Amino acid sequence: TPDVTFTCKDALSEANNLTNSVRSRKCCPPNIGKKVKPFVFPNEKTVRMRWPAHQGTFEQVDKYRRAIQAMRDLPDDHPHSFNNQAKVHCAYCNGYYNQIDSGFPHIDIHIHNSWLFFPFHRWYLYFYERILGKLINDPTFALPFWKWDEPSGMRIPEIFIPENVNGKPNPLYDVYRDARHIKEVVIDLDYDRKDKFVPDEIQIAYNLCTIYRDLIRNGGDTISFFGGVYIAGDSPVSNNDPSVGSVEAGSHTAVHRWVGDATKPLFEDMGNFYSAGYDPVFYIHHVNVDRMWKLWKDLGLPGHKDPTERDWLNASYVFYDENEELVRVYNKDSVDLKKFKYDYIENSEQVLMWQA
Ligand code: C2O
């Protein structure tokens, strides 16, 4: 059973190829010795409705901005602080944890490039959303999603771009982004660090094909969609490994590359695992990736089934919840969205265009 332990080692970051980094390379969470509790699902009546970031109402955008600002205002060593939330990603991706609980203390955990990708990020966002809601005292608070699968959503959502809003710094702004790709530029969901310079309509058509490719053509069965088997004792697989899931390898990674600052050696923030969580866009991108998991299942095509292997079901992670408790969560509890008490606002008249 793969089991992400709560042993974290900052020292390894030195060996991690992160020279010339613009963000901290120390990624372990605070209070590492704290007792880990079992996770309990929320028993709330209301469902948090996640909204498309390019179509937010004044109220949705205002709440979101206030919550991120409140997070930025926390003391740095608070487990909910902006930096500590960003470091969660770094810690699980850059080899800070090892598999000590499973008897492989010399092997690092890396939750990308394998079937841990979807469940890990679902849990990460679940806690992040509830922490933000708590910071503004709103139990209905829901995150936006960057709806890059719909033509009108294929640009960086406007709410992230201005440096200042009403004379104050925009908490959603991040300085480490590719200056060529902000504002009015249609994203390339197949971006591999080379701009295509095609007209917007063409790029939009390409993008719809990419979504079709990731969800249907290349995602026809559990392993193709989720990524390959990764169990206790396995070393993290390399970036080009064929066992990366279709969405992860495709549109997901393209968005990271497209947003990250190409003038930085490590492509911060979005272009590197260790720094991605410092850009608020990261979470909103991943909310849409999470939505892709839901859409894929809702398509109901043969083969579109969650993994059922014991090694997948029993893999676990540790997070700080909204009450600052450390809790352990399992893949097996990540499959039933209803239990999480969040859902996605979909436009019912809208045909998913990439299906057409
Ligand atoms: Cu954990 Cu998009 O990467």
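Reader: How does helix 3 pass helix 7, in a left-handed or a right-handed crossing?

Author: Helix 3 passes helix 7 in a left-handed crossing. Keep in mind that this model is predicted.

Reader: What describes two packed helices?

Author: Two values do: the angle between the axes and the distance between the axes. Now the case here. Helix 3 covers residues 117-135, and helix 7 covers residues 280-299. They pack at an angle of about 125 degrees. Their axes are 10 Å apart. That angle makes helix 3 oblique to helix 7.

Reader: Which residues make the contact of helix 3 with helix 7?

Author: Helix 3 contributes Phe118, His121, Arg122, Leu125 and Tyr128. Helix 7 contributes Tyr283, His286, Val287, Val289, Asp290 and Trp293. Sort these contact residues by type, and you get 7 nonpolar, 2 polar and 2 charged.

Reader: Now helix 6 and helix 7. At what angle do their axes cross?

Author: At roughly 165 degrees. Helix 6 is residues 246-259, and its axis comes within 11 Å of that of helix 7.

Reader: Are helix 6 and helix 7 roughly parallel or roughly antiparallel?

Author: An angle over 145 degrees counts as roughly antiparallel. Helix 6 and helix 7 are therefore roughly antiparallel to each other. As for handedness, helix 6 passes helix 7 in a right-handed crossing.

Reader: Which residues meet where helix 6 faces helix 7?

Author: From helix 6, take Val247, His252, Val255 and Val259. From helix 7, take Val281, His285, Val289 and Met292. This contact divides into 6 nonpolar, 2 polar and no charged residues. Val289 is worth marking on the structure. Val289 belongs to the contact with helix 6, and Val289 also belongs to the contact with helix 3.

Reader: On to the sheets. In what order do strands 1, 8 and 9 stand?

Author: The order is 1-9-8, in an open sheet with mixed pairing. Read such a sheet pair by pair. Strand 1 and strand 9 pair in the parallel sense over 3 bridges. Val36 has Leu326 of strand 9 as its bridge partner. Strand 8 and strand 9 pair in the antiparallel sense over 5 bridges. There, Phe319 has Val327 as its bridge partner, and Val318 stands opposite Arg328.

Reader: Which are the edge strands of the 1-9-8 sheet?

Author: Strand 1 (36-38) and strand 8 (316-320), each pairing on one side only. From one strand to the next, the twist averages 40 degrees.

Reader: How many residues lie between strand 8 and strand 9 in their hairpin?

Author: 5 residues lie between them. Look at Glu324 in the turn: its phi is positive, at about 65 degrees.

Reader: Where does helix 3 lie relative to strand 8 and strand 9?

Author: Helix 3 lies across strand 8 and strand 9. It runs at about 15 degrees to strand 8.

Reader: What is the strand order in the sheet with parallel pairing?

Author: 5-2-10, and this sheet of 3 strands is also open. Strand 5 and strand 10 stand at the edges with a single partner strand each, so one side of each has no neighbour in the sheet. Strand 2 joins strand 10 (residues 342-344) through 3 bridges. Arg48 has Tyr342 as its bridge partner, and Arg50 stands opposite Tyr344. Strand 2 joins strand 5 (residues 144-145) through 2 bridges. On that side, Pro52 stands opposite Phe145.

Reader: Is strand 2 mostly covered or mostly uncovered?

Author: Mostly covered. Strand 2 spans residues 48-52, and 4 of its 5 residues are buried. Across the protein, buried residues make up 43% of the 356 residues.

Reader: Why does Trp115 count as buried?

Author: Burial here is a count of neighbours, with a cut-off of 20 or more other C-beta atoms within 10 Å. Trp115 counts as buried because it has 28 C-beta neighbours inside 10 Å. Trp115 sits in the loop between strand 4 (104-108) and helix 3.

Reader: How far apart are Trp115 and Pro307 in sequence and in space?

Author: 192 residues in sequence, and 8.5 Å from C-alpha to C-alpha. Now take the contacts between residues at least 6 apart in sequence: 72% join residues at least 24 apart.

Reader: And how many helices and strands does the protein have?

Author: 9 helices and 10 strands.

Technical notes: Residues are numbered from 1 along each chain as its sequence is written. This is a predicted model: local features need pLDDT of at least 70, side-chain atom pairs count only at pLDDT 80 or more; totals for chains, interfaces and linings use all residues. Axes are lines fitted to C-alpha atoms, for helices over the stretch in contact, and angles run from 0 to 180 degrees between N-to-C directions. Helices (H or I, at least four residues) and strands (E, at least two) are DSSP runs, numbered from the N terminus. Angles under 35 degrees count as roughly parallel, over 145 as roughly antiparallel, 65 to 115 as roughly perpendicular and the rest as oblique. A crossing is left-handed if the near helix is turned anticlockwise from the far one by less than a right angle, and right-handed if clockwise. Two residues are in contact if their C-beta atoms, placed from the backbone, lie within 7 Å. Ala, Val, Leu, Ile, Met, Phe, Trp, Tyr, Cys and Pro count as nonpolar, Asp, Glu, Lys and Arg as charged, and the others, Gly among them, as polar. Two strands pair if DSSP finds at least two bridges between them. A residue is buried if 20 or more other C-beta atoms lie within 10 Å of its own, exposed if 12 or fewer, and partly exposed in between; C-beta atoms are placed from the backbone.
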